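Got your viewer open? Let's take a walk through this one, selection by selection.

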Amino acid sequence: MKKFFVLIAAAIVCMGASAQVQFGGKVGFDMTNFWGPDVDHGMKPGYQVGLMMEYKFNPHFAIAPEVVFAAQGGKSKAFALDLFDITTTEIKYNANYINVPLMFKYYVAPSFSIDLGPQVGFNVYSKIAAKGYDKSVDFKDGTKAIDFGVGLGATYNLTENAFVQARYTMGLTKALKDNAVLGENKAKNGNIQIAFGMKF
């Protein structure tokens, strides 16, 4: 029995010794939209910038929490009254979030990992603007404060420190509040991300 516990202790020590912790940052380009039943899927370009940490347990498994500022939103069509004519115009939703994903990484090769994990987002800014109009309207009261989602993607380590990353984050909860005029809004956030980062 003593030998068994000695072996377990030795395994834990070895695991701790082999674990690697790296910190870093990343910047990237996003294509964002809203998805869901009866939701217009117009894409809107955005960006992201943030900090990350990666804790590698062994050559195959790691966990990577991040804190990322992301410009999100989407596009949709709306009716506009122009004197005696009713036309449609493009409405752009600009929504900024502080997203906190927790990615679980499986290294299928020494430099390549598949990443999967949950994400919580905190809305800090929301505005809407109609095409052809200079002014935008504050829409924070019409946007839910917290957004839950899940991300799936991959990371390729170019060097020991530099990496590129691709990810799709799918919102699981409604991003916008129900409207007394338009009724229930089923729109959820969607985000395609391409990022470059450095680990130290």
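Start by selecting Y97: leaving aside neighbours within four places in sequence, Y97 is in contact (heavy atoms within 4.5 Å) with V68, F69, A70, Q72, G121, F122, N123, V124, T143, D147, A175 and N189. Before going further, note that this is a predicted model, where local features need pLDDT of at least 70 and side-chain atom pairs count only at pLDDT 80 or more, while totals for chains, interfaces and linings use all residues. Residues are numbered from 1 along each chain as its sequence is written, and side-chain values use heavy atoms, with hydrogens and water left out.

Now add F34, V39, I91, Y93, A95, A175, L176 and A187 to Y97, and you have the nine residues of the largest nonpolar core. Such a core is a set of buried Ala, Val, Leu, Ile, Met, Phe, Trp, Tyr and Cys residues joined through side-chain atoms within 4.5 Å; buried means under 20% relative accessible area with a 1.4 Å probe, protein chains only. Strand 4 (residues 85-109) gives the largest share of this core, four residues.

Zoom out and colour by secondary structure. The protein chain has one helix and nine strands, and the helix comes at the N-terminal end of the order, α-β-β-β-β-β-β-β-β-β. These are DSSP runs numbered from the N terminus: helices are H or I, at least four residues, and strands are E, at least two. Of the 200 residues, 38% count as buried.

Next, pick T155 in strand 7 (residues 146-157). Is T155 buried or exposed? T155 counts as buried, because its relative accessibility is 2%. Show side chains and look for the 3.2 Å polar contact between T155 and Q165 (a pair of N or O atoms within 3.5 Å; within protein, one must be able to donate a hydrogen and the other to accept it, and residues adjacent in sequence count only if both atoms are side-chain atoms).

Last stop: select Q48, V68, N99, Q119 and Q193. Of the 13 residues lining the largest cavity, these lie nearest its centre. On a 1 Å grid over the protein atoms alone, a cavity is a set of points where a 1.4 Å probe fits but cannot get out, and lining residues have an atom within 4 Å of a point. Strand 3 supplies the largest share of that lining, three residues.

Key:
Buried < 20%, exposed > 50% of the residue type's maximum accessible area, 1.4 Å probe, protein only. 1 Å grid on protein atoms, 1.4 Å probe; cavity = no way out; pocket = protein on both sides within 12 Å on 5 of 7 lines; lining within 4 Å.
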